[in-house]
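Here are some worked exercises to try with the model open beside you. Have a go at each task before you read its solution.

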Amino acid sequence: MTAPARRFLYLLCFLALAALLNAAAWWYPNRPLPYGNTAIGQPIGQVKSVSFAPFKRGQSPLTKTYPTREEIAEDLNAVRAVARGVRTYTSREGLEAVPELAGRYGLEVTHSAWLGRLANVNEEEVEALIDQANRYPDTIKRIIVGNEVLLRKDLTVDQLISYIRRVKQAVKQPVSYADVWEFWLRNPQLLDEVDFVTVHFLPYWEDIPIAVDHSMPHILDVYNIVQAKLPGKPILIGEVGWPSLGRSRREAVPTRHEAASFISDFIRLADAKNLDYNLVEAFDQPWKVALEGTVGGAWGLLDELRHPKYDADGMLSELPNWSIYAALSSLIGLILAVLQATRLVNLPPLRMFGAVLLAQAGGAALAACVEHGVSYNFSTLRFSEFLIMLALQSIFALLLFSEVLERLSGSAAPRAAFIGLGRRLRELKSFAPLYLPLGNHTVGEAKLGEYRRLYRVRLGEWLFAAFALYALYQNLMLSIAGRYRDFPIDYALLPIAGFLLLAAFGAASRGGSLAAGFAVPDKAAESPITLRCEAILAWLLLCSAVMVVLIERPSNREGLVWALISAAYALPLLGNLRLLARNGIARLAAAR
């Protein structure tokens with residue numbers, strides 16, 4: 001076999017091995033695992049009741065776009081496979097059809113009036129609720145007047161009581177009010193006005209979030225407290241559940257597996273303690289993302305397409321369609337390799353394998369970006385962010401792979417992983433007249449190749465700077481108003497990983513010290529203004545990352561990982577801090 005054929009065979013084998021490793025990396029964290037506190041998994045089965053808000057994508061009470069009667073009927077038909085009853089939150093906006101249609105499917109209804117700050121709307125809600133309760137007494141088993149009105153401070157407790165009394169006088173069903181358990185304890189006078197107490201237990205949203213593993217003892221403890229403080233009335237747990245997607249809150253992690261485990265464990269607890277409950281909620285609700293972030297739209301037993309989210313056999317994959325993203329990442333890695341096949345086959349086998357693994361890792365990072373964009377795509381703004389970050393990361397991956405091949409081939413002189421903004425502009429400006437004109441034959445091929453590499457490296461650095469500013473923006477937003485903001489780890493991991501790889505190359509070429517890989521040569525040539533700007537950016541990145549950790553607490557592993565990634569973007573700029581410090585000390589010494 002000739003040497004070129006042998007090298008080509010090596011490349012094919014390495015590509016196949018990298019694809020297998022990539023498939024294993026996608027499969028392992030997404031393999032089916034049992035959920036719930038049993039070794040073989042505890043299927044969820046049919047539940048007592050679920051919150052029913054039949055909004056599909058594009059529909060929302062915020063935009064006053066409501067489902068049709070036919071769509072409500074379809075959704076009730078889907079619900080009866082997972083629940084024996086439904087709880088509504090309004091008696092208007094199309095849901096006046098629920099009692100009649102639910103009766104056809106054998107579903108019991110806990111019907112409600114939505115109360116807010118607008119007195120005229122409250123009047124319409126109460127009148128509609130009374131009318132429907134009297135027309136469908138066989139289907140509407142319970143009435144709830146107002147949902148978390150006191151929590152939102154929309155009404156005073158006296159105003160709320162007046163609505164409750166008015167409904168009680170007009171209907172035969174038992175009447176209640178629904179709120180978070182703390183607000184029932186703060187307003188015990190409500191006990192005399194209701195027939196049963198409706199409390200919400202949402203451990204994820206507690207002021208001090210509760211992990212899934214500790215949720216059942218917490219719920220039982222709080223239930224016992226409410227029962228002791230508000231004796232003599234039946235208790236309905238009006239909302240209880242766990243989100244399957246979104247940002248972590250301390251130890252409370254929203255994943256499919258955590259949500260399935262929570263629901264499974266709660267049903268076992270409810271059966272054991274004979275608790276009356278309503279799970280939140282029937283379907284994922286994309287419209288809630290505008291109010292509560294990604295996590296707000298991911299509480300359903302069924303997804304937004306009305307498909308079951310949790311397998312009935314007690315086993316669950318965190319990403320059921322992982323094979324699609326594994327195939328996508330292998331395809332991207334193959335494309336990167338094919339584009340550089342001529343340079344790859346000329347590398348020694350070990351370096352060739354390392355380069356192929358890097359191409360596959362880049363493909364996996366881009367596929368993870370796509371998965372994030374698809375899963376978190378609930379608005380035009382989110383979709384636009386996804387497209388921009390995917391485009392920037394794709395360009396960065398191409399530039400990074402080309403630069404790494406240059407270094408692996410030994411044809412490139414060692415460079416720092418990052419140089420200053422001012423020098424970068426000057427280099428581009430000085431080389432532009434030589435490189436930009438097409439058909440320029442006055443420059444030698446070797447020199448032209450160096451100019452091409454210069455533009456490639458500098459473009460990569462500009463992209464890196466853009467990602468650093470993106471990380472800073474996200475840190476500031478997470479620090480100021482981060483309750484409903486996600487951690488965009490998949491959008492920022494590839495550039496910093498690429499920088500660290502180039503820094504490792506720099507360390508190898510400068511004596512093996514990792515700090516040497518971060519060294520920025522000729523910093524003295526930079527203007528003081530540029531140095532100060534970069535130093536300020538570095539300080540902001542570091543301080544904002546620390547602020548995120550302090551707010552989220554180190555127990556939030558997702559927040560901690562994001563903080564470390566965002567702080568790492570300050571590494572190329574730390575040399576400016578040292579240089580400014582040395583200059584300051586020198587000036588002080590001269591003044592003395």
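**Exercise 1. Find how the side chains of Asp154 and Arg152 meet, and classify both residues by accessibility.**

*Solution.* Step 1: the side chains of Asp154 and Arg152 meet in a salt bridge, with 2.8 Å from N to O. The term stands for a side-chain nitrogen of Lys or Arg within 4 Å of a carboxyl oxygen of Asp or Glu.
Step 2: Asp154 has a relative accessible area of 19%, so this residue is buried. Arg152, at 26%, counts as partly exposed. The classes are buried under 20% relative accessible area, exposed over 50%, and partly exposed in between, with a 1.4 Å probe and protein chains only as cover.

Before going on, a word on the source. This is a predicted model, in which local features need pLDDT of at least 70 and side-chain atom pairs count only at pLDDT 80 or more, while totals for chains, interfaces and linings use all residues. Residues are numbered from 1 along each chain as its sequence is written, and side-chain values use heavy atoms, with hydrogens and water left out.

**Exercise 2. Work out the surroundings of Arg247, starting from its salt bridge with Glu552.**

*Solution.* Step 1: the closest N and O atoms of Arg247 and Glu552 are 2.6 Å apart. Arg247 lies in the loop between E8 and H9 and Glu552 in helix H19 (residues 528-552), so the pair ties together parts that are 305 residues apart in sequence. Helices (H or I, at least four residues) and strands (E, at least two) are DSSP runs, numbered from the N terminus.
Step 2: both partners are checked for burial. Arg247 is buried at a relative accessible area of 3%, and Glu552 is buried at 8%.
Step 3: look for backbone partners. A polar atom of the Arg247 side chain lies 2.8 Å from the backbone oxygen of Gly482, and the backbone oxygen of Arg485 lies 3.0 Å from a polar atom of that side chain.
Step 4: list the contacts (heavy atoms within 4.5 Å). Not counting residues up to four places away in sequence, Arg247 touches several residues, among them Tyr204, Leu478, Asp486, Phe487 and Asn556.

**Exercise 3. Which helices hold Arg166 and Glu127, whose salt bridge is one to inspect?**

*Solution.* Step 1: the closest N and O atoms of Arg166 and Glu127 are 2.5 Å apart. Arg166 is in helix H6 (residues 157-170) and Glu127 in helix H4, 39 residues apart, so the pair links distant parts of the chain.
Step 2: Arg166 is partly exposed at 27%, and Glu127 is also partly exposed, at 44%.
Step 3: for the total, the structure holds 20 salt bridges.

**Exercise 4. Locate Asn22 and name the side chain that it joins in a polar contact.**

*Solution.* Step 1: Asn22 is in helix H1 (residues 3-30), and with a relative accessible area of 5% Asn22 is buried.
Step 2: the side chains of Asn22 and Ser329 are joined by a polar contact of 2.9 Å. Such a contact is a pair of N or O atoms within 3.5 Å; within protein, one must be able to donate a hydrogen and the other to accept it, and residues adjacent in sequence count only if both atoms are side-chain atoms.
Step 3: leaving aside neighbours within four places in sequence, the residues in contact with Asn22 include Ala326, Gln360 and Ala364.

**Exercise 5. Check the backbone at Glu93, Asn274 and the bond from Val280 to Glu281.**

*Solution.* Step 1: recall the background. Most residues other than glycine have a negative phi, and most peptide bonds are trans.
Step 2: Glu93, not a glycine, has a positive phi of about 55 degrees. Glu93 sits in the loop between strand E3 (85-87) and helix H3 (98-104) and counts as partly exposed at 23%.
Step 3: Asn274 has a positive phi near 55 degrees. Asn274 lies in the loop between H9 and E9 and is exposed at 65%.
Step 4: the peptide bond from Val280 to Glu281 is cis, with omega near 5 degrees. Glu281 belongs to the loop between strand E9 (276-279) and helix H10 (289-292).
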